[in-house]
Amino acid sequence: MLIETGMSLFETIDKWENRKIKKQIPNTKKKWLNNTLQFLSDAAFVLSNVSNAMNRIEGIKKFNDLKNAGFYVDYKNEILIPQKIVVKESYNSILETSNRLIIFYKQLRILFHPSIAKHLSNDKIEEIKNGLHVFINDTLKDFSFKEINKIK
């Protein structure tokens, strides 16, 4: 879940920068209206990305049960057969999440590689690292690894 959230942060930063390049809203003659439209556009963008991340995190919470149901026959007031419990959509969702985790890990390795300074400015590197720092210290301050064991 931590990695998925971090991956979402990287994607949001990337999309945000590309979004700044392309003008998203029409320019009106009223400054207050331009500011309001820009604020609403920014808020919709952030909420959309947060919503997508939360949906993927919810899928991860179900992963362990789906994984277990896929590897052996279980019993919960009835016989649970893997072919009936783990549907193709669930499998594909977890496969997508797994691929995202691999990409995030590769991005972290690149970000902390000594040669990154040849490809990005020090300011950009520090901006990304500070974003991760804020994410780890502030966003996850209430996160508990112990609670993961309780999720079923």
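**Exercise 1. Classify lysine 124 in this predicted model: buried or exposed?**

Step 1. Take the relative accessible area of lysine 124, which is 17%.
Step 2. Apply the cut-off: buried means under 20%.
Step 3. Lysine 124 is therefore buried.
The model is predicted, and the exercises below use the same coordinates.

**Exercise 2. Find the partner of lysine 124 in a salt bridge, and place the pair in its helix.**

Step 1. Count first: the structure holds one salt bridge.
Step 2. Identify the pair. The side chain of lysine 124 meets that of glutamate 127, with 3.9 Å from N to O.
Step 3. Check the cut-off, which is a nitrogen within 4 Å of a carboxyl oxygen.
Step 4. Place the pair. Both residues sit in helix α6 (residues 122–139), three residues apart, so about one helical turn separates them.
Step 5. Classify the partner. Glutamate 127 has 46% relative accessibility, so it counts as partly exposed.

**Exercise 3. Which residues form the largest nonpolar core, and which elements supply them?**

Step 1. List the members. The core has eight residues: Met7, Phe10, Phe104, Leu111, Ile116, Ile125, Ile128 and Leu132.
Step 2. Assign them to elements. Two or more residues come from each of α1 (2–21), α5 and α6.
Step 3. Rank the shares. Helix α6 gives the largest, three residues.

**Exercise 4. Trace the surroundings of two core members, isoleucine 128 and isoleucine 116.**

Step 1. Locate isoleucine 128: it lies in helix α6.
Step 2. Classify it. Isoleucine 128 is buried because its relative accessibility is 13%.
Step 3. List its contacts, leaving aside neighbours within four places in sequence. Isoleucine 128 touches Phe10, Leu111 and Leu120.
Step 4. Compare sequence with space for one of these contacts. Isoleucine 128 and phenylalanine 10 are 118 residues apart along the chain, yet their C-alpha atoms lie 8.1 Å apart.
Step 5. Repeat the contact list for isoleucine 116. With the same neighbours left aside, the partners are Ile110, Leu111 and Ile125.

**Exercise 5. Where is leucine 9, and what does it contact?**

Step 1. Leucine 9 is found in helix α1.
Step 2. Its relative accessibility is 23%, so leucine 9 counts as partly exposed.
Step 3. Beyond neighbours within four places in sequence, leucine 9 contacts Gly131, Leu132 and Phe135.
Step 4. Add a C-alpha distance. Leucine 9 and asparagine 49 are 40 residues apart in the chain and 8.7 Å apart in space.

**Exercise 6. Describe the nonpolar surface patch that includes methionine 54.**

Step 1. Val46, Val50 and Met54 make the patch, which covers about 250 Å².
Step 2. Methionine 54 belongs to helix α2 (residues 31–61).
Step 3. Methionine 54 counts as exposed because its relative accessibility is 51% and the cut-off is over 50%.

**Exercise 7. Summarise the whole chain, then say where confidence is lowest and highest.**

Step 1. Count the elements: seven helices and two strands.
Step 2. Order them from the N terminus: α-α-α-β-β-α-α-α-α.
Step 3. Take the burial. Of the 152 residues, 22% are buried.
Step 4. Take the surface. The accessible area is about 11,800 Å², with 59% on carbon and sulfur atoms.
Step 5. Take the contact range. Among contacts with a separation of 6 or more, 63% join residues 24 or more positions apart.
Step 6. Read the confidence. The mean pLDDT is 76, and 74% of residues reach 70 or more.
Step 7. Compare elements. Helix α7 (residues 145–150) is lowest, with a mean of 57, while helix α5 (residues 88–111) is highest, at 83.
Step 8. Apply the caution. Where pLDDT is low, predicted coordinates should not be read in detail.

Terms used
Residues numbered from 1 in each chain as written. Predicted model: local features only at pLDDT ≥ 70, side-chain atom pairs only at ≥ 80, totals over all residues. Heavy atoms only, no water. Patch = residues over 30% accessible without salt bridge, like charges linked within 9 Å, V, L, I, M, F, W, Y side chains within 5 Å. Areas by Shrake-Rupley, 256 points an atom, 1.4 Å probe, with all protein chains shown as cover. Helix = DSSP H or I, 4+ residues; strand = E, 2+ residues; numbered from the N terminus. Buried < 20%, exposed > 50% of the residue type's maximum accessible area, 1.4 Å probe, protein only. pLDDT = per-residue confidence, 0-100. Core = buried A, V, L, I, M, F, W, Y, C linked by side-chain atoms within 4.5 Å. Contact = heavy atoms within 4.5 Å.
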